[in-house]
Amino acid sequence: MSAQDTEDFGAENLSEKSRMIPSLPPYDMDDQLLPREPRSAWCCLIWTLVVVAINSLVFLLNFLLMFVIFTIVLLPTIVVVYFGFQCHSQVLHSAARYCKSILDDNSSSALIILGFVIMSPLIVVAMAIYCSLARRLHLFMCFQPYSRAVYKGVKWRWCKEGGLCGCAKGWNTQVKAWV
């Protein structure tokens, strides 16, 4: 067999396999209402605004949760870097008693360096805490698809999962997150 024959043979097998799988299977057979009835233009516009409002609210709640977790976990870094910059003579040079009696320029520089060094592992810890909490509470399942606004009869995601965003379901202790 020549090199041309082997290339044609591989291309022929690939095209046969691709013809056997016409399209991707549907993600959820319960959501596939055939044929779906489209909404009117005004109804579609109103439902689009509702879906956008719900998704924006879910995004803001996720962002608020992430902000709170990162603030709590990174608080030691924030405090150490703040005191390092506050007491250094080349930056702020505060007249506070602890800056004069305890922290000189060398110790302020050490605090600044320590703060930035411990920041990286604490960011990883904060992200792991947020991801595990978001996974347990099923926060990303709260986002609604745009097809909810376009077609009638599309179910809310949290209705079929046992409560608002699936939070009413039992805790799954088998879920593990690798960071």
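# Chat: helix packing in a predicted model

Modeller: In this predicted model, helices H2 and H5 pack at an angle of about 145°, and their axes are 9 Å apart.

Colleague: Nice place to start! Is that H2–H5 crossing left-handed or right-handed?

Modeller: H2 passes H5 in a right-handed crossing.

Colleague: And which residues make the contact?

Modeller: From H2 you have Asn 62, Leu 65, Met 66, Ile 69, Phe 70 and Val 73. H5 brings Leu 122, Ile 123, Val 125, Ala 126, Met 127, Ile 129, Tyr 130 and Leu 133.

Colleague: How many of those are nonpolar, polar or charged?

Modeller: The contact of H2 with H5 has 13 nonpolar residues, one polar and no charged ones.

Colleague: Let's zoom out for a second. How many helices and strands are there in the protein chain?

Modeller: Six helices and zero strands, so to speak an α-α-α-α-α-α pattern when you read along the sequence.

Colleague: What share of the chain is buried?

Modeller: Of its 179 residues, 23% count as buried.

Colleague: And the contacts, how much of them comes from residues 24 or more positions apart?

Modeller: Taking the contacts with a separation of 6 or more, 69% are between residues 24 or more positions apart.

Colleague: OK, back inside. Which residues form the largest nonpolar core?

Modeller: That core has nine residues: Ile 69, Phe 70, Val 73, Leu 74, Leu 122, Ala 126, Tyr 130, Ala 134 and Leu 139. Helices H2 and H5 each supply at least two of them, and H5 gives the most, with four residues.

Colleague: I see Tyr 130 in there. What does Tyr 130 touch, leaving out residues up to four places away in sequence?

Modeller: Tyr 130 touches Asn 62, Leu 65, Met 66, Ile 69 and Phe 140.

Colleague: Met 66 keeps coming up. Where is Met 66 placed?

Modeller: Met 66 is in helix H2. As for Ala 126, the two are 60 residues apart in sequence, yet their C-alpha atoms are 8.4 Å apart in space.

Colleague: Why does Met 66 count as partly exposed?

Modeller: Because its relative accessibility is 25%, and buried would need under 20%.

Colleague: Fair enough. Which residues of H2 are buried, then?

Modeller: Cys 44, Thr 48, Val 51, Ile 54, Asn 55, Val 58, Asn 62, Ile 69, Phe 70 and Val 73. What covers the buried residues of H2 includes H3, H5 and helix H6, residues 147-150.

Colleague: What about its length: how far apart are the end C-alpha atoms of H2?

Modeller: They are 47 Å apart, which agrees with the 48 Å that its 33 residues should span at 1.5 Å a residue.

Colleague: New topic: H3. How far does H3 reach?

Modeller: H3 runs over residues 75-87, which is 13 residues, and reaches 18 Å from its first C-alpha to its last. That is close to the 18 Å expected at 1.5 Å a residue.

Colleague: Which residues of H3 are buried, and what do they pack against?

Modeller: Thr 77, Val 80, Val 81, Gly 84, Gln 86 and Cys 87 are the buried ones. They pack against helix H4 (97-101) and helix H5 (105-136).

Colleague: A glutamine on that list! Why does Gln 86 count as buried?

Modeller: Because Gln 86 has a relative accessible area of 12%, and the cut-off for buried is under 20%.

Colleague: And what is Gln 86 in contact with?

Modeller: Leaving aside neighbours within four places in sequence, Gln 86 is in contact with Leu 92, His 93, Ser 94, Tyr 98 and Cys 99.

Notes
Residues numbered from 1 in each chain as written. Predicted model: local features only at pLDDT ≥ 70, side-chain atom pairs only at ≥ 80, totals over all residues. Heavy atoms only, no water. Helix = DSSP H or I, 4+ residues; strand = E, 2+ residues; numbered from the N terminus. Expected span 1.5 Å × (residues − 1). Buried < 20%, exposed > 50% of the residue type's maximum accessible area, 1.4 Å probe, protein only. Contact = heavy atoms within 4.5 Å. Core = buried A, V, L, I, M, F, W, Y, C linked by side-chain atoms within 4.5 Å. Axes fitted to C-alpha atoms, helices over the stretch in contact; angles between N-to-C directions. Left-handed = near helix turned anticlockwise from the far one by under 90°. Nonpolar A, V, L, I, M, F, W, Y, C, P; charged D, E, K, R; others polar.
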